[in-house]
Amino acid sequence: MKRPILYIVIPCYNEEEVLPITAPQFLGKIKDLAAQGLISDDSRVLFVNDGSRDRTWEIIKRLAKSDEHYIGISQSRNRGHQAAVLAGLMEAKDVCDISISIDCDGQDDIDAMDRMVQEYLNGCEVVYGVRSSRKTDTFFKRTTAQGFYKFLSMMGAEVVYNHADYRLISAKVLKEFANYKEVNLFLRGMVPLVGFKSTSVEYERHERIAGESKYPLRKMIALAVDGITSLSVKPLRLIMSFGMIVAFLSFVGVVWAIIAALSGHAVAGWASMTCIICFVSGVQLMCMGIIGEYVGKIYMEAKHRPRYIISERTQDE
């Protein structure tokens, strides 16, 4: 049986501190899997520089010169983590049999790749890396992250619980995934939509080896909004349902006011009227904001702008 060619796709943004530490680990994993006969020696570690402002790209170029198993591409500017992962996957899809996307911070257990590749050899086309626990997280991080996944599911986005962007995808799936042309990317919700046989492997997540996290709470919230509005129209349906309830209650209030006026029991009260007006106005603004978010997504999709632009490749040097 032909051994599959594996490309490990690693997005990098301002990772000059951690890259020299984790790059040898990725190379060691490639060589170890090849020595076990699980993958081909033509496998590669593909770094995607996401418009870093530090020396990340210089380090990637130096690594590529030091060993043929290292290769790299650089985006013309910073376009975000999801676009960087997509750029790497699309770069690899025509030259690999399987790809594994993973962050370069050393938090995801690279030894889980052994089980991922084995699951692929057993017939799975997609293998999700799923955290077995969050005991290394702070209480705040653990609570917000778990709420993130539950809220996404509640809003209708199909996601794998406790799965981020550590996954194996076969070239067959990547070729079909290339037909998804969304500009607003939420890969952990888009990949399940492609289908094919899939499974999960659990692993323990470690502390970040060096540098700072590139996903603070602000970016997590923005990612959640992108995921919901890109994959589900449930918020719009909730608006409609809530609007019908408010309209019904308003109708009841009007009937009550008319009856009270006709019976001579009407009592003037500016406080109650002010509360009602403020409440309805707030609901209207909230609904307009949600609708505006969807209109904005439509606007961006209609432009058909490229999701990434590769300006350099180490292979070209």
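Which residues of helix α2 (residues 56-66) are buried? Before going there, keep in mind that what you have in front of you is a predicted model. The answer is T56, W57, I59, I60, L63 and A64. If you look down the axis of α2, these buried residues fall within an arc of 155 degrees, so they line one face of the helix. The background is simple enough: an α-helix has 3.6 residues a turn, so residues three or four places apart point the same way. Turn α2 around, and the face directed away from the buried side shows you the exposed residues K65 and S66. As for what the buried side leans on, its residues pack against strands β1 (6-12), β2 (44-49), β3 (70-75) and β8 (310-313), and also against helix α1 (19-35).

Now step back for the overall picture. The chain has 10 helices and 8 strands. It runs to 317 residues, and 45% of them count as buried. Take the contacts between residues at least 6 apart in sequence: 84% of these join residues at least 24 apart. On the outside, the accessible surface comes to about 16400 Å², with 61% of that belonging to carbon and sulfur atoms.

For a look at those long-range contacts at one spot, try I102. You'll find I102 in the loop between β4 (98-101) and α4 (112-121). Despite sitting in a loop, I102 counts as buried, at 1% relative accessibility. Setting aside its neighbours within four places in sequence, I102 is in contact with I8, V9, I10, P11, F26, D108, I110, M113, D165 and Y166. One of these, P11, is 91 residues away from I102 along the chain, yet the C-alpha atoms of I102 and P11 are separated by 7.5 Å.

Another buried spot is S170, in strand β6 (residues 163-170). The relative accessible area of S170 is 1%, so S170 falls under the 20% limit for buried. Not counting residues up to four places away in sequence, S170 touches D97, I98, Y120 and E125.

On to the charges. Side chains of opposite charge can pair when their charged atoms come close. In this model the count comes to 8 salt bridges. One of them joins K29 and D111, with the closest N and O atoms 3.0 Å apart. That pair ties together distant parts of the chain, since K29 belongs to helix α1 and D111 to the loop between β4 and α4, 82 residues apart. The two ends differ in their cover: K29 is buried at 6% relative accessibility, whereas D111 is partly exposed at 47%.

Helix α1 contributes to a second bridge through K31, whose side chain meets that of D67 at 3.6 Å, N to O. Here too distant parts of the chain are linked, as D67 lies in the loop between α2 and β3, 36 residues from K31. D67 is buried, with a relative accessible area of 17%, while K31 counts as partly exposed at 41%.

A third bridge is the one between R167 and D165, where the closest N and O atoms are 2.7 Å apart. In this case both R167 and D165 are buried. You met D165 earlier, among the contacts of I102. There is also some sharing of partners: salt bridges join K29, D32, D111 and D114 into one network.

What about rings? A search of the whole structure turns up 3 aromatic pairs. One of them is F177 with Y180: the ring centres are 5.8 Å apart and the planes sit at 20 degrees, so this pair is stacked. F177 is buried, at 4% relative accessible area, but Y180 is partly exposed, at 24%.

Finally, look at the surface. I245, F248 and L249 make a nonpolar patch of about 330 Å². Of these residues, F248 is placed in helix α9 (residues 234-262). F248 has a relative accessible area of 53%, so F248 passes the 50% mark and counts as exposed.

Methods: Residues are numbered from 1 along each chain as its sequence is written. This is a predicted model: local features need pLDDT of at least 70, side-chain atom pairs count only at pLDDT 80 or more; totals for chains, interfaces and linings use all residues. Side-chain values use heavy atoms; hydrogens and water are left out. Patches are made of residues with over 30% relative accessible area and no salt bridge: like charges are joined within 9 Å, nonpolar side chains (Val, Leu, Ile, Met, Phe, Trp, Tyr) within 5 Å. Accessible areas come from the Shrake-Rupley method with a 1.4 Å probe; for residues, only the protein chains shown count as cover. A salt bridge is a side-chain nitrogen of Lys or Arg within 4 Å of a carboxyl oxygen of Asp or Glu. Helices (H or I, at least four residues) and strands (E, at least two) are DSSP runs, numbered from the N terminus. Buried means under 20% relative accessible area, exposed over 50%, partly exposed in between (1.4 Å probe, protein chains only). The arc is that of the directions from the helix axis to the C-beta atoms. Contact means heavy atoms within 4.5 Å. Rings of Phe, Tyr and Trp (its six-membered ring) pair if their centres lie within 6.5 Å; planes under 30 degrees apart count as stacked, over 60 as edge-to-face and the rest as tilted.
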